[in-house]
Amino acid sequence: MTTLISSPWATQRARFLFRRRDVRGVDAPLASATKDGVVLRSDLDFSVWNPESNTSNYKLVEPDDFVIGLRSFQHGIAHSTVRGNVSPAYTVLRSTPSANPRFYKYYFRSQLLISQLSNITQGIRQGQSIDIEAFQNLHVAVPSPQEQHRIADFLDMETARIDHLVARKRHLIALLNERIDSRILELVGASELVRPTSGSPVLPLRRLLSKVIRPAQANLGVVTAYRDGQVTERGTRRADGYTLSASTETQGQFVKVGDVVVHGLDGFAGAIGTAEAKGNCSPVYHVCTPNHAGDSRFLARLLRLLALQGYLGNFAVSTRERAVDFRNWDLFGRIPIPVVPLTEQREIGEWISKVRPIRRVVEQSTELATERRHALITAAVTGQFDVSTASGRNVTEGVTA
């Protein structure tokens, strides 16, 4: 018998608590299993669906179903609050009457369960997936129906409280960035891009930025351009969604702090920014330095906003399922962008610099809150404390995740 998690409760094999469902050919919107649960693809920040794909074989998922996706061994098993069709590569599960989906929504995202799921994967690297037969033979904890209900109520309340605090902090950063972005978009609106006959001048991008290619340097980390506009060493952020190279050899190109970095494929979705750390990045990136003493902070933010507004994508000659292809510098460098006086560039650049330390504090606080949230969930669903007597304040002190 394989015991999944040590707990004070009886256990049963997953196959007796969750039955596989395979309903196809139903008219429903497309959905995906994400680290935040099953969501409709129309609600994602970007679409990963090729309109020419045949979805007639997709599987129906209903509210309170569970979905084992391609990344479930990293994030846990996704709970659904929506009705939609998911990829036929996914496994859809429906709980039996003895398994309260509100409880197992948390149980399947606990850190200890995720560590067990990582041990029952098949395939390697990007081809990894959970072995469904092995999952069905796992023994999962089965508290009484009353206890499942109490734990679910407790976690609904406590995780909502944590999520609210995190949202407030992120909202502060969003407001600060909104001020910066609004000012830049005003400058764009006053340029020839919007006012062809009376606006301020525009120039090809290559007149304002020069592409540099430096050899990669040994013993440095990997620099990544994230879709939120941060460009930094990957080790300082969670590597979620990125597959590290199997090669340990130095490769790519060297990036200096202050360089403008543009992802040649992912830039359309916001992966453009000013490097906050030195390191080596992929050859698919454009690494640039400003011409004529331009401000790299301003220019990177300008390009990112033009990408998010869809402007840069209008010049692409090739699109892929998840990207707009701008790897060709000759093409990318010809895109006209507004010319902004250096004094104004530097003023906005200073605004951007002032937000960064605040953002770092918020990120650290958010990461701590997220870790405590995970620890709280794990402690509750494994019976490390009695939720009926827990106040919710400091309940994770002394609890190991």
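**Exercise 1. Find the residue in E21 that is the bridge partner of Ser210, and place the pair in its sheet.**

Solution. The bridge partner of Ser210 in E21 is Thr289. This is a predicted model, in which local features need pLDDT of at least 70, side-chain atom pairs count only at pLDDT 80 or more, and totals for chains, interfaces and linings use all residues. Residues are numbered from 1 along each chain as its sequence is written, and side-chain values use heavy atoms, with hydrogens and water left out.

Step 1. Strand E21 covers residues 285-290 and is joined to E14 by three bridges, the two running antiparallel. Strands (E, at least two residues) and helices (H or I, at least four) are DSSP runs numbered from the N terminus; two strands pair if DSSP finds at least two bridges between them.

Step 2. The open sheet holds four strands in the order E14-E21-E18-E19, with antiparallel pairing. Its edge strands, E14 (209-211) and E19 (272-274), each pair on one side only.

Step 3. On average, neighbouring strands of this sheet are turned by 30° against each other, direction ignored.

Step 4. Helix H8 (residues 296-308) packs on the sheet and touches E14, E18 (260-263), E19 and E21. Contact means heavy atoms within 4.5 Å. The direction of H8 makes about 170° with that of E19.

**Exercise 2. Describe how helices H6 and H10 are arranged.**

Solution. Two packed helices are described by the angle between their axes and the distance between the axes.

Step 1. The axes of H6 (residues 145-189) and H10 (residues 342-381) come within 10 Å and cross at roughly 170°. Axes are lines fitted to C-alpha atoms, for helices over the stretch in contact, and angles run from 0 to 180 degrees between N-to-C directions.

Step 2. H6 and H10 are therefore roughly antiparallel to each other, a term for angles over 145 degrees.

**Exercise 3. Which residues touch the most other members of the largest nonpolar core?**

Solution. A nonpolar core is a set of buried Ala, Val, Leu, Ile, Met, Phe, Trp, Tyr and Cys residues joined through side-chain atoms within 4.5 Å. Buried means under 20% relative accessible area (1.4 Å probe, protein chains only).

Step 1. The largest core has 38 residues, and Tyr104, Tyr107, Phe108, Phe135 and Leu155 touch the most other members.

Step 2. Elements giving two or more residues to this core include H3 (101-107), H5 (132-136) and H6. H10 gives the most, with six residues.

Step 3. A second, separate core of 32 residues includes Leu208, Val260, Leu303 and Ile335.

Terms used. Parallel < 35°, antiparallel > 145°, perpendicular 65-115°, else oblique. Buried < 20%, exposed > 50% of the residue type's maximum accessible area, 1.4 Å probe, protein only.
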